[in-house]
Amino acid sequence: MIKDTEILVIGAGPAGLAAASAAAFLGASVLICERDDAPGGQLVKQTHKFFGSEKQYAGDRGIYIGRRLTGAVRENPQIELMTNATVLGIYDDGIVTVLHDNRHLKIRPQKTIVATGAAEKFLAFPGNDLPGIYGAGAVQTLMNVAGVRPAERVLMVGAGNIGLIVTYQLLQAGVQVAGVIEAAPKIGGYLVHASKIRRAGVPILTRHTVCEAFGTDQLEGVRICRLDDQGQKIPGSEETVACDTLCLAVGLTPLTELCWQAGCEMAWIRELSGHVPIVDENLETSVPGLYAAGDVSGIEEASSAMVEGRLAGLAAAGSLGYRPEQAKEEILAARAELAELRSGPTGGKIMAGLARMREAGKTKGGVFVC
Amino acid sequence: MRIEEHPILDFDRGTQVTFYFNGKPVEGYTNETIAAALHAAGIRVLGHSPELHRPRGLFCAIGNCSSCFMTVDGEPNVRVCVTKVRDGMRVEEQHGKGVVRVD
């Protein structure tokens, strides 16, 4: 049996939830497929307060923003939310296949919005597969969702916002943090986050990297060393840090498998942290009717993911003929909001990445490599 | 170890149940994933790699990376970071790729 829907949203994180609400607001009926057993995406573990402007709920904690977006979706009779539903493939004849509670489903949407988010990046060093070496998101899931102390003593790799925020959250959960190491010459995240953990006595070592991890059956310690101006390891600068967990906060990369599989034109854009689908200003990919919103179209922040989701939802519903005038107006407002979010110093990087993505779109055919 | 007091969060762990890790009883809660319950019990080695038999633990904890595959009630390759604990469940370390049983 084939299940028909007007708009299919893949992923119930900030982008997907916002997309569904926006499309339903214009009058479309929406089905959301979420791989996890609960909606909210990674917002469910963000205990810190968000930045941005009031429109993106700045000042509120991520977990509450997630609940708000989820609540709006659940209350909306136009939206069906299916959890434990992993989308497997998007096919040329318009059929999308889904594994739902161990059963294979076929869905025929008129429009599809891919909002699959991102995966954590990894680092290459000897011993990096030892139990106890976790992504920063995994550590957050253990302590903020499951309420389990992930470690006794952690070494954090990466002084970007995620590394700094998770370090602070570890301290809140009563875990010792041996330090934060960062390969770059300066701290990448916001000063307000760095200051909090410095005040708690956690050292932040810039120009440092992991040489190797060791332990018999699980992690017992890490050898770190200093880096010179060229980013090369300085011989003789090695130190040993005893820790049972090494937390990697070395960035995210777009989770684009479905975009590749669907045949979207892709480009590798460093500023967007990996391969991304080439999208137009409504976030429609090169596959007609297939949109990509949130981290899957370039790593940014939850606040911009929500606005991107809204934009894709409005564009998809608008293209189905729902309230075209209002759609147009709302689309312009969403684009303006994105421009505002990207007007800061970190936004410059995103803007440059998006410009390169558009440029790549013009050259057409094949993968654009920078 | 479970976090008892947290400045921001309250944890709704659900009902306490007993499941089995390599035949030994472990306490868990119905709202916890197998990986979280094992972690709380100090168990971080979840299996061994197919070729070099290196110990394996979780990495992403959101069902994305396949590092936490275990055999659960006889079914191999279960992502224990996204599978909830059930009473009486039998969870075993997986060595290699696991064998699918066909009844």
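Start your tour at two helices of chain A, H1 and H2: their crossing is left-handed. Keep in mind as you click around that this is a predicted model.

**Stop 1: two crossing helices**

Select residues 14-26 of chain A for H1 and residues 62-75 for H2; the two axes come within 9 Å and cross at roughly 35 degrees. Packed helices are described in just this way, by the angle and the distance between their axes. Now show the side chains that make the contact. On H1(A), pick A:Pro14, A:Leu17, A:Ala18, A:Ala20 and A:Ser21, and on H2(A), pick A:Leu69, A:Thr70, A:Ala72 and A:Val73. Colour them by character and you get seven nonpolar, two polar and no charged residues.

**Stop 2: an enclosed helix**

Next, select residues 161-172 of chain A, which is helix H4. H4(A) has 12 residues and reaches 16 Å from its first C-alpha to its last, close to the 16 Å expected at 1.5 Å a residue. Is H4(A) largely enclosed or largely open? Nine of its 12 residues are buried, so the rest of the structure largely encloses H4(A). Among the buried ones are A:Ile162, A:Leu164, A:Ile165, A:Val166 and A:Leu170.

What do they pack against? Light up H3, strand E9 (153-157), strand E10 (176-182), helix H5 (191-199) and strand E15 (245-248), all in chain A, and you'll see the partners of the buried residues of H4(A). Before moving on, click A:Gly174, which follows H4(A) and has a positive phi, near 80 degrees.

**Stop 3: a three-stranded sheet**

Go on to strands E12, E13 and E14 of chain A, which form an open sheet in that order, with antiparallel pairing. E12 (208-214) and E14 (239-242) stand at the edges with a single partner strand each, so one side of each has no neighbour in the sheet. Look along the sheet and you'll find that neighbouring strands are turned by 30 degrees against each other on average, direction ignored.

Zoom in on E12(A) and E13(A), where E13 covers residues 221-226: six bridges join this antiparallel pair. To see one of the partnerships, select A:Glu212 and its bridge partner in E13(A), A:Arg223.

**Stop 4: where the chains meet**

Finally, bring chain B into view. Here 26 residues of chain A are in contact with 28 residues of chain B. On the chain A side, strand E7 (118-120), strand E8 (133-135) and helix H3 (136-145) each give two or more residues. Which element gives the most? That's H3(A), with six residues. The chain A side as a whole divides into 10 nonpolar, 10 polar and six charged residues.

Technical notes. Residues are numbered from 1 along each chain as its sequence is written. Chains are lettered from A and ligands numbered from 1 in the order in which they are written. This is a predicted model: local features need pLDDT of at least 70, side-chain atom pairs count only at pLDDT 80 or more; totals for chains, interfaces and linings use all residues. Two residues are in contact if their C-beta atoms, placed from the backbone, lie within 7 Å. Helices (H or I, at least four residues) and strands (E, at least two) are DSSP runs, numbered from the N terminus. Ala, Val, Leu, Ile, Met, Phe, Trp, Tyr, Cys and Pro count as nonpolar, Asp, Glu, Lys and Arg as charged, and the others, Gly among them, as polar. The expected span of a helix is 1.5 Å times one less than its number of residues. A residue is buried if 20 or more other C-beta atoms lie within 10 Å of its own, exposed if 12 or fewer, and partly exposed in between; C-beta atoms are placed from the backbone. Axes are lines fitted to C-alpha atoms, for helices over the stretch in contact, and angles run from 0 to 180 degrees between N-to-C directions. A crossing is left-handed if the near helix is turned anticlockwise from the far one by less than a right angle, and right-handed if clockwise. Two strands pair if DSSP finds at least two bridges between them.
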